[in-house]
Each structure stands twice: as structure tokens, then as C-alpha cells.
Amino acid sequence: MKVATRIRRSARVGRTAVQLWLRYKAPAVGRRLSGREPASAAIMNRRHERTADQILKLALSMRGVMIKMCQAVATRADMFPPEFIEKLKQCHDAVPFQPFEVVRAVVERELGKPLDAVFSEFEEQPIAAASLAQVHAAKLHDGREVAVKVQYPDIEDIIRTDLNNMQRVCRIYEFFDPQPLELMPLLKELTTHLSYELDFEREADCSERVLELFSDDDRVKIPEVYREWSTKRVLVMEKISGIKITERAAIEAAGLDPADVVQDLMYIYVRMILAAGFFQADPHPGNLFVTPEGQVIVIDFGLSKELPEGFGLGLFELMFSLMTFNESAMVRAFGELGFRSKSGDDDTFLAIARRMVSRSDSGSFEGEFTEEMTDELFAAIREDPVAEVPSDFVLVARVFSFLSGIAHTLGSRANVLRAMGASTG
Amino acid sequence: MSATASPLHYSEEELLSSGSFREPLFANGVRCHGGFDDEGRYCSPRVLFRNPAINAWQDRLRQGGDTLFEISPDLIPPVHPNVAQAKLLLQNGVREPIVRALTIISIVEGFGAMIRDVKVPDLESLLVEPIHGTALAHLQRGLFEAHARDESGYRDEGGHKQMWEAARDAALENPKIPGDVLMRLMGRRDQRGRRKPLFPEIGEDLERSLGFMANVLVVEVMAAETFQWGIDLLSDPEISAAPEEAGGMVENIRADEKPHVEYLRTALSEVAARTIRTVDGKQISGKVVIDGLLHGILSEVIKNRRSDQRDDLREGLEKAVQVAAHPQRLLEDFDSLEFDWTPPSQTGFEASEAA
Ligand SMILES: Nc1ncnc2c1ncn2[C@@H]1O[C@H](COP(=O)(O)OP(=O)(O)OP(=O)(O)O)[C@@H](O)[C@H]1O
Ligand SMILES: [Fe+2]
Ligand SMILES: [Fe+2]
């Protein structure tokens, strides 16, 4: 990357950061000095919204880490206000794509061959463009239809620069703010996740691992990776086609019951998360499809993760304690999952458990972590600065709230116990 | 429905009430349901009205000349590994398979919570004869809920799930739980659950709920073997660090399970004694349906349960015994302790299946 570009990127991030700091902190300082009341909730909400908007614009124009950072922030309902989350969720769709010549150059460099030595056809227009890569339809010489995921050139460089910038901004922020949000750990985690997502060999490994997990299960379909043509930056895989999982009308038109789809989807994630301890951590609707025969297709293993031993059981216990309104079991489960209170006592978790229990009291909890449930949990945690949430839990909770969102769209509910095989009826 | 306790009618509140205990039950430090009376005897939870109610419904059934069916315990294969085998493993330091088995039992007990989600369709209109004053009329008015709470615990009181955990932890001194427990649990039965209906004429909803109840009943009957196994094993001082506490805990669980078997077989017998309206406006004998469902489930049990249990254990046993001093010899000794079991040729429910 050119030095000038690097400087320009740094400057833009820096400028936005200063503006934001001024917006939040300067008025507070002013109020304190002049002895006025702190800003009202309505004012704060408007301010959050405006800020999120500004960040989103910056991210979309800069791609790379900024988009990922937005995605990451959008998942941390335990740290950020809802106005932020809503806005930043949008950064998933709107990325412009790279011209074909750029893509061709990457593929040829990676494979060490001209494009037509490997592919008999290669669509110039991508199927999709995301933050780190875009996907093209192509055909191998033996006639197999494939999807080719191609990493943007320079993306690693861009990301390194962005990460450095953000680190600097975070440090400055933490220096100035007497009660800083802990952005550094978030950034560190983002760095880890990005390194995963940039390594398509890892993605291929993960995809194969999940394929193996469901090898004898015809409810699930995972595209095969053609390792022969895949590298760290190019992934050639079986091309899949299906109904997007949120398209209820199309699912019904295919003669499928959306309730079965929801239950199967829950089964897939329960098997990965609770049983196998290894999971595709990115079940947004762009990564899930249904075949007309009712198989659920899972793609995009870029963000797959291994959970520590015992985590699945801990999570099961947490769900179970919610189902049975059992506060002390819930406190135990929090501990098993690695939640820590900075004060070292359990009171924090007892309070959170109480709040969760009183909330799920009204309906029967069937082990479905709805968005409202996780929202409630994270709201409770956000308000209690002594609680520390393990990052694995954040990722898993995000998965379950995605699933619950999909279930909601399909007009159904999934039952975790049934997904585990509890019912034979 | 009237709330006064006439022998055949009970309110939900009554069916869920326990009366008072002199002392609550604590299992390995965790508060559980039930408690002890003045003589120190264990008393199950939620049976103050539930037990007399079940007796009353059963009496009424018999007085009407109808049968209260029974599932023969001979249909249930012995637990594998048997007590002697389990003891052998533990004495040789091979704890993992037993800890896993006990943990899976506790989780499966917890799954009993599912019964509260069974949606029984409107039986008043689906059955020709009235169901006033029967167990059937109380399924969703207390019986399912009491059952669910017994199994999975409720609020600050643990249920069988926590009691099995406590028995395990007391006897084996807080063992490490193998990381693959849920994987093994999920992998063990055929997940392709969408079975073809046996009686399409009664409608999917009715068959599903009757089938679910029949299944739970069979599981409860099979559990009797498991309880005896748990009691014998965990109260053996040679391998249990807390023979009295752990063995006693499983005895308490066994006592609590009695009403589950009883209300389920009563309700299903009540259906068998009635006539079901089919979806196409005809009628079918309830006995044909109930016998058919039970025969199907029990045939499976006879055919597969023993080999399933064996496969379950065998997977990983060879690896697990490696911690022993002489793994190969241990395996041989283990196999020599196996006892024969010949599956019965009949389930006892085939008569009207053929009819
Ligand atoms: N094997 C495939 N067959 C057909 N289409 C595919 C395949 N793999 C990916 N796609 C298409 O490309 C899109 C992006 O792919 P993928 O999700 O793997 O990329 P990504 O960079 O991880 O995107 P995001 O971060 O938005 O999830 C998918 O939503 C899908 O539409
Ligand atoms: Fe039980
Ligand atoms: Fe039971």
C-alpha cells in the first residue's frame, strides 16, 4: 500500500475519533463545570444514533477492518447502546465490489496458472461481495460448477494499517476517559477473528471438520472444498443453490414446513456448539439456505471456533437453569462458563439470574435464546460494571440470537431439548 | 372443574402441592425437592393429592370392568455394564465410562421437562365416551407439570437431574465430567425422528401426543432397571465414597418415579377403554391404538436397547481402559462378567394389533 494511502486512512480514522470524543465527553465536562444535570436519555440516544451513522459511513467507504469493527461492535450488546447496534448491523450488505481484472490477477497469482487452465467458465460479475472477499461462479474443466471466493488484493495490508490506527485511537481514548469502555480486548479479539477469516486454508479445514460432523446426516448440506484449487487466498468449492433461509414464502412454496426448517437449524447449531464444541460462528441469513428437499445448507466457515472443553455442558446448564427458573443453578452455570465478577463474589450473578428468571417467568422458556433474552442478559451485564463476559459466550449468544431471529422470521420456535434428541415423539 | 377435593377431581394447585416436610432434602449441598417426615422417612414432592388421585382413577377404571395394563419388566434388558462390570472398571481406576453414564442419566432425567410441552388435543371431542373425572382430564391440569418438575427441578429446588448429579458427585468424589458427554448423548439415538404415523386415521396431533406419552411410560419402566443398578453400585462401599448418601439418593428418585408410571399407564388405559373418532368421521377402538403404539415401541426396545447400550459403552471403552494397569486383561475380565439375556418373544400388546 502506498504511504500516502496509509496516511490518508490513518487521518480519517483519527479525525472521526476526535469528533466522537468531543461529542460525548466535551458536553459532559461542560455540564459538570457549569453544574447542570447530566444529559437526558433522549439526548443521549440521539447522540448515539448520529455517531453510529457517522461511523457506518466511514466504514463503508473504507472497507477492511472498519467494516469488521462495525460488525464486531454490532455484536456486543453487552457493551454498546441499542441505537448503535441497530445502525451498525447495516454494514453487512452495502460493500462495492472489485473489477474482474483485479480478481483474475489474484486467482492467477495464487494458483500459478492462467484462469482458463483451471476453469472452463468464470463469471465476471460476482455473486456477492463482502468485506474481505468476493465470490464468483465458475466451472471446472470436468464440468463441475463451483463458487470461487477470492480475497481482495492488499486486504491484509489494509487491515494491518487499520488495526494499528484503531489501536492508537483506543489508547488515546483510554488515556483521556477516566471510565473507558474496554475497547482493547475487543480489538484484540477482532484481530484474532480477522486472522482466521483471512486464512482460507483454515476456512477449508473448518468446513471439512463440520462436513465430517454431519457426514451421516442428510438433514444438513455443507459444500465440499476443492483443496486442489484452493490456497490461503482463493477458495474453490462446490457451488450450492437453495432458498435463502429467511424466505418463508419460497420455503412454503417448496412444500416444506418452516417449523421443520427452524428445528433442523437449531439441531445443527446445538450439535456443533453443545456437543462438538466446534462451530461455524456466523449464522447470518446470507450463510444459510434450504434445498427444495428440505436440507439446510451452511456455508462460510471463515469464522469458526473451537470452544473450551466443558463449555457446551456449561451452556446447556445455563439454558436448563433458565428453563427451570433455577437461580442457584444459573449462578453455577455462569461460573462454569467463565463469567467473572471483578469483586469476586456471586451477588452480581445472583442479581442477573434473578432478573433473567423473573423475565422468562411469564412464558415457558424452551431453551431458545431469543434476541430479547440475550438483550436482557447483556443489558443486565452492561449496567453492572463488575461483570466480565467470556468472549466465547458473546460469540455463542450471538449465534443463538441470530437463530432466534431466523426462527421469528419463519414464524416458528425451536426447542433446544428436542434438538438434543430429548423427544422421540 | 370444581376445586374441592372430591376423589376424582383435583385442581392443578392440588396436584402440585406437597404438604409440609419436617426437613428439606439437600443433595450434596444442593437444595432438592421432597423432604423427610418426623420419622426421618423420605417423602416425595407433589404427591399429597397426586397419589390418592391416581388411586381413585385406577379404582374407577377397574370398577368399570376395564383393564389397567401393565408393561412386563421382563421386556427390559439389564443395564450394561452390569453392576459387577461397572465395579470392576471403577476398582481398576477406569472411571470415565461410569461417570459419563451417570451424567447422561442425569441429563436424560432433566429432559423429562419436555412433558409439559406436550400439546394434547381436545380429548372431549376426540373420544366418544366422556373423560370427566379421569387422569386424562388432568394431564394438562397438573399431572404433566408435576412430572416435569419432578424430573428437571423447579425454581430453587433441584429435581432428579440434580439428585443424580449429587449421587454421582458424592459417590465418586466430584469426578471430572468427560467432555464428550453431550456428543455421546446426541449421537446415540436415531435422530431421524419423523416417523411414519401408525394410525393416520386418528390424526397427527393425537397420535403424536399419545405416542409421546407411551414413549415416556416405556422410558419410566425401563428406568426401574437403572435405579436398581444405581442403588447397587453407588451404595457399595468398595467403590463409593458415600454409600449411604449416594445410594439413598437414588432410592429417593425411585420413590418419586412411582406416580409417573402410574398416572401414564392409567391415562393410556383410559384411552384404551374408550373409542376414538377418526378424522374421516368413523370410529376406532382405543385399545387397538394404544396396543399398537406400545407394541411398536416395545418391539424396538427388545430388539435394539441391549445392543445400543453395548455399542455406546464399547465406543471408547478400549481407550478408557488404558489407564488401568493391565488393560487387555481388564477387558477380558469385563467380558467374562457379562450375563446372558434372552429377549422375550412377545411384548404382550400384539393381540389387538393383529385385530
Ligand atoms: N459454495 C457457494 N455456492 C454458492 N454461493 C456461494 C458459495 N459460497 C458463498 N456463496 C455466496 O457468496 C456470499 C458470500 O460468501 P461468504 O459468506 O463465504 O463470504 P464472506 O466474505 O465470509 O461474507 P460475510 O462476511 O458477509 O459472511 C454468500 O452469501 C453466498 O451468496
Ligand atoms: Fe426422574
Ligand atoms: Fe420419571
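In this predicted model, a good place to start is B:Glu257, which counts as buried because its relative accessibility is 4%, under the 20% cut-off for that label. This residue opens the way to a metal site in chain B.

## The iron site in chain B

B:Glu257 is one of the residues that coordinate the iron ion (ligand 3). The others named at this ion are B:Glu151, B:Glu220 and B:His260. The glutamates bind through OE atoms, with B:Glu220 listed twice, while B:His260 uses its ND1 atom. The coordinating distances run from 1.8 to 2.4 Å.

How are the donor residues spaced along the sequence? They follow the pattern E-x68-E-x36-E-x2-H. B:Glu220 and B:Glu257 link distant parts of the chain, being 37 residues apart. B:Glu220 sits in helix 9 (residues 204–234) of chain B, and B:Glu257 in helix 10 (residues 243–272) of chain B. Is B:Glu220 buried or exposed? With 6% relative accessibility, B:Glu220 counts as buried.

A second iron ion also belongs to this picture. B:Glu151 bridges the iron ion (ligand 3) and the iron ion (ligand 2), and these two ions lie 3.6 Å apart.

## Another look at helix 9

Helix 9 of chain B also holds B:Thr226. At 13% relative accessibility, this threonine counts as buried. Leaving out residues up to four places away in sequence, B:Thr226 touches B:Val79, B:Ile105, B:Trp164 and B:Arg305. One of these partners, B:Ile105, is 121 residues from B:Thr226 along the chain, yet the C-alpha atoms of the two are separated by 8.8 Å.

## Where chain B meets chain A

Let us move to the contact between the chains. The size of an interface is often given as the accessible area lost when the parts come together. Here the area buried between chain B and chain A is about 3,000 Å², and carbon and sulfur atoms give 58% of that area. In chain B, the residues that lose the most area to chain A are B:Arg155, B:Leu182 and B:Met186, which together make up 22% of what that side buries.

Which residues make the contact up? Chain B brings 32 residues and chain A brings 37 residues. Two salt bridges are counted between the chains. A:Glu317 and B:Lys161 form a salt bridge, with their closest N and O atoms 2.6 Å apart. The count of residue pairs in polar contact between chain B and chain A, with both at pLDDT 80 or more, is four.

Several helices of chain B take part. Helix 4 (96–110), helix 7 (160–171), helix 8 (181–187) and helix 9 each supply at least two residues of the side that touches chain A. Helix 8 gives the most, with five residues. By kind, the residues on this side of chain B divide into 12 nonpolar, eight polar and 12 charged.

## Unusual backbone spots in chain B

Most residues other than glycine have a negative phi, and most peptide bonds are trans. The table gathers some places in chain B that depart from this pattern.

| Place | Backbone value | Location in chain B |
|---|---|---|
| B:His80 and B:Pro81 | cis peptide bond, omega about 0° | B:Pro81 in the loop between helix 2 (50–63) and helix 3 (83–91) |
| B:Asn28 | positive phi of about 50° | loop between strand 1 (23–27) and strand 2 (30–36) |
| B:Arg46 | positive phi of about 55° | loop between strand 3 (42–43) and helix 2 |

B:Asn28 and B:Arg46 have these positive phi values although neither is a glycine. Their surroundings can be told apart by accessibility: B:Asn28 counts as partly exposed at 36% relative accessibility, whereas B:Arg46 is buried, with a relative accessible area of 6%.

## A view of chain A

Chain A has 17 helices and 13 strands. Of its 425 residues, 55% count as buried. Among contacts in chain A between residues at least 6 apart in sequence, 68% join residues at least 24 apart.

A:Ser207 offers a single-residue view of this chain. The serine lies in helix 9 (residues 200–213) of chain A, and at 5% relative accessibility A:Ser207 counts as buried. Setting aside neighbours within four places in sequence, A:Ser207 is in contact with A:Ile222, A:Pro223, A:Val225 and A:Phe301.

Note on methods: Residues are numbered from 1 along each chain as its sequence is written. Chains are lettered from A and ligands numbered from 1 in the order in which they are written. This is a predicted model: local features need pLDDT of at least 70, side-chain atom pairs count only at pLDDT 80 or more; totals for chains, interfaces and linings use all residues. Side-chain values use heavy atoms; hydrogens and water are left out. Donors are N, O and S atoms within 2.8 Å of the metal (3.2 Å for Na, K and Ca); water is not among the atoms, so sites may look incomplete. Helices (H or I, at least four residues) and strands (E, at least two) are DSSP runs, numbered from the N terminus. Buried means under 20% relative accessible area, exposed over 50%, partly exposed in between (1.4 Å probe, protein chains only). Contact means heavy atoms within 4.5 Å. Buried area is the accessible area (1.4 Å probe) that two parts lose on being put together, summed over both. A salt bridge is a side-chain nitrogen of Lys or Arg within 4 Å of a carboxyl oxygen of Asp or Glu. A polar contact is a pair of N or O atoms within 3.5 Å; within protein, one must be able to donate a hydrogen and the other to accept it, and residues adjacent in sequence count only if both atoms are side-chain atoms. Ala, Val, Leu, Ile, Met, Phe, Trp, Tyr, Cys and Pro count as nonpolar, Asp, Glu, Lys and Arg as charged, and the others, Gly among them, as polar.
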